[in-house]
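Student: Please pick a single part of this structure and take me through it slowly. I would like to see how that part connects with what lies around it.

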Amino acid sequence: MAENGRTLTHIGASGEAHMVDVGDKAETVRIAVAEGFIRMAPETLDLILKGDAKKGDVIGTARLAGIMAAKQTSNLIPLCHPLMLTKVTVDIREDHALPGLRIEAMAKLTGRTGVEMEALTAVSVACLTIYDMAKAADREMEIGGVRLAEKSGGRSGDYKRRDP
C-alpha cells in the first residue's frame, strides 16, 4: 500500500497484515531512542523522589520494567521480530516544571531490523509502572509524549526529531 511515495511495510498487496522478511537485509548496528513523560501532582513527585511511595522504589522499579519490556516487545506487538538486543537503557529524570518524570529509553543491537519498537515499549512500560506504583497517591497522573526521538542504522538511514 503506497501513498505519497510511502509504504506500509507490514501490509500486503491485498491488505493483509504480514511479518516483513528481513533475511536479505545487511546486519548493521542499529540504535533507537524514545522518550515520554508522566505528569503528576507536585506532592506525588516529591513522594516518589523521597522514596516514600507505598510500593517502594518507583524509579528503580520503572527502570527495570522498561528494560524487561524492551526484551519482550515481540511478545507484545504481533509483527515485531524477536531480537537479540545488545543494550537497553532507561533513564528517568525529574522535571519540576512538568511536574513529573521524563523517561528516555535506548535500545541497541547489531542486526537486520530496527529497534524503534523496543525503545518505545520500554518508555511506555516504564510510564505505566510509575502510574501503577503511585496511583494510590494520585489517580490523575497523565502519560504522554511517547515518541521516537532518534534512530540510526539500517536501510532507511538516520533520523532525529526536529522539535525539542
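Tutor: Let's start with a term: two strands count as a pair if DSSP finds at least two bridges between them. Keep in mind that this is a predicted model. The part I have picked is strand 5, residues 100–111, together with its surroundings.

To place it, look at the whole chain. The protein has four helices and seven strands, and from the N terminus on they follow the order β-β-β-α-α-α-β-β-α-β-β. The C-alpha trace spans about 50 × 30 × 30 Å along its principal axes.

Now find the sheet. It is an open sheet of five strands, paired in the antiparallel sense, with the order 4-5-3-6-7. Strand 4 and strand 7 are its edge strands, each pairing on one side only. In that order, strand 5 sits between strand 4 and strand 3. As general background, the strands of a sheet pair through backbone hydrogen bonds, in either a parallel or an antiparallel way.

Take the two partners in turn. With strand 3, strand 5 pairs in the antiparallel sense over 12 bridges. You can pick out one place along this pairing: A107 in strand 5 is the bridge partner of A32. On the other side, strand 5 pairs with strand 4, again antiparallel, over nine bridges. Here A105 of strand 5 stands opposite V90. If you trace the chain from strand 4 to strand 5, you pass through a hairpin of four residues.

Next, zoom in on one residue, I103. Leaving aside neighbours within four places in sequence, I103 is in contact with A34, E35, G36, F37, I38, V90, D91, I92, V123, A126, C127 and I130. V90, which you have just met opposite A105, is among these contacts.

I103 also leads us to the largest nonpolar core, which has 31 residues. The members that touch the most other members are M40, I48, I92, L101, I103 and I130. At least two residues come from each of strand 3, helix 1, helix 2, strand 4, strand 5 and helix 4. Helix 4 gives the most, with nine residues.

What about the helices around our strand? Helix 2 packs on the sheet and touches strand 4 and strand 5, and its direction makes about 145° with that of strand 4. Helix 2 also packs against helix 4, at an angle of about 145° and with the axes 7 Å apart. Their crossing is right-handed. Helix 2 brings V58, T61, A62, A65, G66, A69 and A70 to this contact, while helix 4 brings E118, T121, A122, V125, A126, T129, I130 and M133. By type, these residues divide into 10 nonpolar, four polar and one charged. Notice I130: this residue belongs to the contact between the two helices, and I103 touches I130 as well.

Finally, a look at the other end of the neighbourhood. L83 lies in the loop between helix 3 and strand 4. Is L83 buried or partly exposed? Its relative accessibility is 22%, and buried means under 20%, so L83 counts as partly exposed. Beyond its neighbours within four places in sequence, L83 contacts L109, T113, G114, V115 and E118. L83 and H96 are 13 residues apart in sequence, yet their C-alpha atoms are 36 Å apart in space.

Note on methods:
Residues are numbered from 1 along each chain as its sequence is written. This is a predicted model: local features need pLDDT of at least 70, side-chain atom pairs count only at pLDDT 80 or more; totals for chains, interfaces and linings use all residues. Side-chain values use heavy atoms; hydrogens and water are left out. Axes are lines fitted to C-alpha atoms, for helices over the stretch in contact, and angles run from 0 to 180 degrees between N-to-C directions. A crossing is left-handed if the near helix is turned anticlockwise from the far one by less than a right angle, and right-handed if clockwise. Contact means heavy atoms within 4.5 Å. Ala, Val, Leu, Ile, Met, Phe, Trp, Tyr, Cys and Pro count as nonpolar, Asp, Glu, Lys and Arg as charged, and the others, Gly among them, as polar. Buried means under 20% relative accessible area, exposed over 50%, partly exposed in between (1.4 Å probe, protein chains only). A nonpolar core is a set of buried Ala, Val, Leu, Ile, Met, Phe, Trp, Tyr and Cys residues joined through side-chain atoms within 4.5 Å.
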